[in-house]
Amino acid sequence: MPALCTILALSGALLTGCSDDSSADRSGATGTPAPTDSVPVLQPGRPGEPNKTLTGPALSPSSTPATQADVTFMSDMIHHHAQAVVMVNMVDGKLTDPEVKRMASRIKAEQTPEITYMKKWLKDNAGSKSSGHDHGGTHSATGKTDHSDMPGMASAAELKKLSKAKGKQKDITFLGLMITHHGGALTMIDDRYKAGGTDIETGRLANDIGAGQTAQIKSMAAMRKRLGGAPVSTP
């Protein structure tokens, strides 16, 4: 029987090192994984701007520590999201339009787990920057809160109006308040970038919230117009 090397040579295969010499150098094997810091990672840019590609030392956690801007954003957005959930709970089972009902359910389904995520992030990352933030307070149905001055937040009087609205007017009122509320979240996202937020996880969440709520503002504005409501401006 021909030798293995002879068979491979006749078949046109490229053969190197047919010897069983165990001392052959295998240091150039391609199966060795590349160092972690050679794999590029995208850092989200501010809404409407391109992402940045980070490689090498830029990926080190110590190079992009959470700033006060990140902590403030996460802490304030917990309260902001919480009021959105309160408004959805206030109209639960009382809305008349199927499309508005679906939007309300979607808002609660998205923002409730985001609140949980932000609380955990603060616990893991806030450290000494947590002063002045309670990291978990929620709004009551009265709308009374120490964070009522944040962009887009509904006042106690506005929540009372929502509570008393009936029929189609409740849908229109809910949409109006939520459009303004979402617009406030977009302002908070932009404020974080302007204030120097650098944390990658926070930036990624901010971008997700921004993209989702921008689309929802457009959808809710169309619903409100269809129902006969006047246009609503956002912060």
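Helix α2 is mostly covered in this predicted model, with 21 of its 24 residues buried. The geometry of the helix can be checked against an ideal rise: at 1.5 Å a residue, the 24 residues of α2 should span 34 Å, and the C-alpha atoms at its ends lie 35 Å apart, which agrees. Just after α2, G93 adopts a positive phi of about 80°.

The packing around this helix may be considered next. The largest nonpolar core comprises 24 residues, and those with the most contacts inside it are M87, F174 and M178. At least two residues of this core come from each of α2 (68-91), α3 (98-125), α4 (156-164), α5 (168-194) and α6 (200-226). F174 illustrates how such residues meet: leaving aside residues up to four places away in sequence, F174 touches M87, V88, V91, L95, V100, A104 and L162. Of these partners, M87 is itself among the residues with the most contacts inside the core. A second core, separate from this one, has 22 residues, including I78, I115, M150 and I189.

Charged side chains provide a further set of links. Side chains of opposite charge can pair when their charged atoms come close. The model contains 6 salt bridges. One of them joins D97 to R226, with the closest N and O atoms 3.0 Å apart. D97 lies in the loop between α2 and α3, whereas R226 belongs to helix α6, so this pair ties together parts that are 129 residues apart in sequence.

R226 also forms a salt bridge with E99, and here the closest N and O atoms are 2.9 Å apart. This pair likewise links distant parts of the chain, since R226 is in helix α6 and E99 is in helix α3, 127 residues apart. Through shared partners, the salt bridges join D97, E99 and R226 into one network.

What is the solvent accessibility of the residues in this network? D97 has a relative accessibility of 9%, so D97 counts as buried, the cut-off being under 20%. R226 is partly exposed because its relative accessible area is 46%, a value between 20% and 50%. E99 is also partly exposed, with a relative accessible area of 33%.

A salt bridge within a single helix is found between E110 and R106, whose side chains meet at 2.9 Å, N to O. Both residues lie in helix α3, 4 residues apart, which corresponds to about one turn of the helix. E110 counts as partly exposed at 32% relative accessibility, and R106 is partly exposed as well, with a relative accessible area of 46%.

The confidence of the prediction should be kept in view when these features are read. The protein chain averages a pLDDT of 78, and 65% of the residues score at least 70. Among the elements of the chain, α5 has the highest mean pLDDT, 98, and helix α1 (residues 4-10) the lowest, 39. The pLDDT is below 50 over residues 1-43, a stretch that has 28 contacts in the model beyond near neighbours in sequence. Over residues 131-145 the pLDDT is also below 50, and this stretch has 33 contacts in the model, again beyond near neighbours in sequence.

Key: Residues numbered from 1 in each chain as written. Heavy atoms only, no water. Core = buried A, V, L, I, M, F, W, Y, C linked by side-chain atoms within 4.5 Å. Buried < 20%, exposed > 50% of the residue type's maximum accessible area, 1.4 Å probe, protein only. Contact = heavy atoms within 4.5 Å. pLDDT = per-residue confidence, 0-100. Expected span 1.5 Å × (residues − 1). Salt bridge = Lys/Arg side-chain N within 4 Å of Asp/Glu carboxyl O.
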